[in-house]
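Biologist: I'd like a close look at one part of this model rather than a quick tour of everything. Could you put it up and walk me through that part and its surroundings?

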Amino acid sequence: MTALIGISLSALILAVFIRDYNKTASIVIMIAASAMIFLRIASDISGIFESLSNLSSGVETAASYIKLMMKVLGIVLITQFVADMCRDCGENALAGQTETAAKVIVISMILPLFETVIKIVTGLLE
């Protein structure tokens, strides 16, 4: 955790001081630092995915739902990373469109889950 904080603070201080002289270099520093942080936590994310896979291996019906959750989590994390990079570069509209596109993709992915839940609920009510 301290390494992540160190990377963030170092990049922030360096980028703020350089921004007045060279805005492009400042953006490159922030993107590089963000990529370093993302790669650093990638192993933690893969550990979470492995734990969820181990949990789902015992219950076959839950495996498809856990796999779906992992895909959605991956989409959300990558989208947040890309949208933040867009905002850092001053492209707020592109960041918003990226987030909207990801939301549409996530909704389309979870529609079968909604259908299953509705079928279960209506089955219980009858």
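Is Leu12 buried, partly exposed or exposed, and what is its relative accessible area?

Modeller: Keep in mind that this is a predicted model. Leu12 counts as partly exposed because its relative accessible area is 41%, which falls between the 20% cut-off for buried and the 50% cut-off for exposed. Leu12 sits in helix α1, and Leu12 also belongs to a nonpolar surface patch, together with Met1, Ile5, Leu9, Ile13, Val16 and Phe17. That patch covers about 730 Å².

Now for the buried residues of that helix. The largest nonpolar core has six residues: Ile7, Ala11, Ala15, Ile29, Met30 and Ala33. Helices α1 (2-19) and α2 (23-57) each put at least two residues into this core. Take Ala11 as an example: leaving aside residues up to four places away in sequence, Ala11 touches Ile29, Met30 and Ala33.

Ser26 is a good place to look next. This serine lies in helix α2, and with a relative accessible area of 2% Ser26 is buried. Again leaving out residues up to four places away in sequence, Ser26 is in contact with Ala15, Ile18 and Arg19. Ala15 is also one of the core residues.

Let's zoom out to see where this part fits. The protein chain has four helices and zero strands, so from the N terminus the order reads simply α-α-α-α. The radius of gyration is 20 Å, well over the 14 Å that the globule rule gives for 126 residues, so the chain is more spread out than a compact globule. Along the principal axes, the C-alpha atoms fill a box of roughly 70 × 30 × 15 Å. Of the 126 residues, 20% count as buried. The accessible surface comes to about 9,000 Å², and carbon and sulfur atoms account for 70% of that. As for contacts with a separation of 6 or more, 55% are between residues 24 or more positions apart.

To get a feel for distances, try Ser8 and Pro112. They are 104 residues apart in sequence, and their C-alpha atoms are 39 Å apart in space. Pro112 lies in helix α4 (residues 92-125) and is partly exposed, at a relative accessible area of 47%.

While you have helix α4 on screen, have a look at the charged pairs. A search of the whole structure turns up two salt bridges. In one of them, the side chains of Arg87 and Asp84 meet at 3.8 Å, N to O. Both of these residues lie in helix α3 (residues 60-88), three residues apart, or about one turn of the helix. Arg87 is partly exposed at 34% relative accessibility, and Asp84 is also partly exposed, at 31%. Glu99 makes a salt bridge with Arg87 too, and there the closest N and O atoms are 2.9 Å apart. This pair links distant parts of the chain, with Glu99 in helix α4 and Arg87 in helix α3, 12 residues apart. Through their shared partners, the salt bridges join Asp84, Arg87 and Glu99 into one network.

Back to your leucine, then: Leu12 is a partly exposed residue of helix α1 that helps make the nonpolar surface patch, while Ala11 and Ala15 are part of the largest nonpolar core.

Notes: Residues are numbered from 1 along each chain as its sequence is written. This is a predicted model: local features need pLDDT of at least 70, side-chain atom pairs count only at pLDDT 80 or more; totals for chains, interfaces and linings use all residues. Side-chain values use heavy atoms; hydrogens and water are left out. A nonpolar core is a set of buried Ala, Val, Leu, Ile, Met, Phe, Trp, Tyr and Cys residues joined through side-chain atoms within 4.5 Å. Buried means under 20% relative accessible area, exposed over 50%, partly exposed in between (1.4 Å probe, protein chains only). Contact means heavy atoms within 4.5 Å. Patches are made of residues with over 30% relative accessible area and no salt bridge: like charges are joined within 9 Å, nonpolar side chains (Val, Leu, Ile, Met, Phe, Trp, Tyr) within 5 Å. Accessible areas come from the Shrake-Rupley method with a 1.4 Å probe; for residues, only the protein chains shown count as cover. A salt bridge is a side-chain nitrogen of Lys or Arg within 4 Å of a carboxyl oxygen of Asp or Glu. The radius of gyration is taken over C-alpha atoms; the globule rule is 2.2 Å times the number of residues to the power 0.38.
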